Amino acid sequence: MSATHATRYLYLARHGEATPDERGLTPTGRRQAVLLGERLRDVPLSAIHHGPLPRAAETAQLIGARLDGVPAHACEPAGDYVPYTPRRDELPTDCADFLLDFVRGFPSGERARGPLLARTAEERFTGCVKGSEDRHELVVTHNFLIGWLVRAALDAPKWRWLGLNQCNAALTVIRYPPPGRPPSVLFSNDMAHLPAPLRWTGWAPELRVAG
Ligand SMILES: O=C(O)[C@@H](CO)OP(=O)(O)O
């Protein structure tokens, strides 16, 4: 802790498994959210921020029910959008076509509004905090924003949010210390709170590994 700044611990979770119509969570998704809430019970969270879509809002509500009195609120920067559309000349030549096709597969509206929302998310959720008290905050969000914030913490090229994927209700924690030390990614896509049958949902089958 420095005289004027303290550490922020940012807890990032992708929503639980969504129903095919994305109007809410499946029974698996609800159970994932409850278990994540139980995992977070001993964390001194001061706030839960969540995206406005039903799958994130329901996940946040189920988590919050396990955390006495932590205020939860919806906000657009925690929502679902494409944070950055790379130019071809930024990408490795051997995977440029694959990555560009992937990004262009998302609605143009999600791509157009993404960069401003991503910037706002960085301003609102990242970096050390003023004062002498460390802060712990949870953001219940979608796959892409978590990749974007991990990329930013590592100071990786902007396109590199692509390929940083999260399973449903997995936990990523980033620590932002006071000036003088870089951010650290303490956990990434951690599913220790989920039993095996509830792990790896929301993740392409070819990317799954044992455990
Ligand atoms: O639409 C998707 O593929 C991702 C993008 O962030 O969202 P979600 O986590 O809601 O599946």
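A polar contact here is a pair of N or O atoms within 3.5 Å. With that cut-off in hand, we can start at the ligand; please keep in mind that everything below comes from a predicted model.

**Figure 1. The ligand and its polar contacts.** A polar side-chain atom of His-142 lies 2.7 Å from an oxygen atom of the ligand, so the pair falls within the 3.5 Å cut-off. Asp-80 also places a polar side-chain atom by a ligand oxygen, at 2.8 Å. Phe-144 takes part through its backbone instead: one of its backbone N or O atoms is 2.9 Å from an oxygen atom of the ligand. Taken alone, the ligand would expose 310 Å², and the protein buries 83% of that area. If you would like to select the surroundings yourself, pick Arg-14, His-15, Arg-55, Asp-80, Phe-106, His-142, Asn-143 and Phe-144.

**Figure 2. Thr-141 in strand S6.** Here we look at Thr-141, a residue of strand S6. Is Thr-141 buried or exposed? Its relative accessible area is 0%, which is under the 20% limit, so Thr-141 counts as buried. The Thr-141 side chain reaches the backbone oxygen of Ala-78 at 2.8 Å. Ala-78 is also on the list of residues that Thr-141 touches, together with Ala-13, Arg-14, His-15, Gly-79 and Ile-146; neighbours up to four places away in sequence are not counted. Two of these, Arg-14 and His-15, also appear among the residues around the ligand. For a sense of scale, the C-alpha atoms of Thr-141 and Gly-180 are 29 Å apart, with their positions 39 residues apart in sequence.

**Figure 3. Helix H4 and what covers it.** Helix H4 runs over residues 108-125, 18 residues in total. From its first C-alpha to its last it reaches 25 Å, close to the 26 Å expected at 1.5 Å a residue. Where does H4 bend? The bend is at Gly-114, by about 45 degrees, and a proline, Pro-115, follows within four residues. Gly-114 is also one of the buried residues of the helix, along with Glu-110, Leu-117, Ala-118, Ala-121 and Phe-125. The cover over these buried residues includes strands S2 (8-14), S3 (45-50), S6 (135-141) and S7 (171-176), as well as helix H5 (143-154). After H4 comes Gly-127, with a positive phi near 90 degrees.

**Figure 4. Pro-115, a closer look within H4.** Pro-115 belongs to helix H4. Its relative accessible area is 32%, which lies between the 20% and 50% limits, so Pro-115 is partly exposed. Leaving aside neighbours within four places in sequence, Pro-115 is in contact with Val-82 and Pro-83. Val-82 and Pro-115 are 33 residues apart in sequence, while their C-alpha atoms are 7.4 Å apart in space.

**Figure 5. Helix H1 and its packing.** Helix H1 covers residues 27-39. How many Å should its 13 residues span? At 1.5 Å a residue the answer is 18 Å, and the end C-alpha atoms of H1 are 19 Å apart, which agrees. On the buried side of the count are Gly-29, Gln-32, Ala-33, Val-34, Leu-35, Leu-36 and Gly-37. These buried residues pack against strand S2, helix H2 (54-65) and strand S7.

**Figure 6. Positive phi at Ala-169 and Trp-200.** Ala-169 is not a glycine, although its phi is positive, about 60 degrees. You will find Ala-169 in the loop between H5 and S7. Its relative accessibility is 0%, so Ala-169 counts as buried. Trp-200, also not a glycine, has a positive phi of about 70 degrees. Trp-200 sits in the segment after strand S8 (184-190). With 12% relative accessibility, Trp-200 counts as buried because the limit is 20%.

Notes
Residues are numbered from 1 along each chain as its sequence is written. This is a predicted model: local features need pLDDT of at least 70, side-chain atom pairs count only at pLDDT 80 or more; totals for chains, interfaces and linings use all residues. Side-chain values use heavy atoms; hydrogens and water are left out. Helices (H or I, at least four residues) and strands (E, at least two) are DSSP runs, numbered from the N terminus. The expected span of a helix is 1.5 Å times one less than its number of residues. The bend at a residue is the angle between axes fitted to the seven residues ending there and the seven starting there. Buried means under 20% relative accessible area, exposed over 50%, partly exposed in between (1.4 Å probe, protein chains only). Contact means heavy atoms within 4.5 Å. A polar contact is a pair of N or O atoms within 3.5 Å; within protein, one must be able to donate a hydrogen and the other to accept it, and residues adjacent in sequence count only if both atoms are side-chain atoms. A residue is near a molecule or strand if one of its heavy atoms lies within 4 Å of it. Accessible areas come from the Shrake-Rupley method with a 1.4 Å probe; for residues, only the protein chains shown count as cover.
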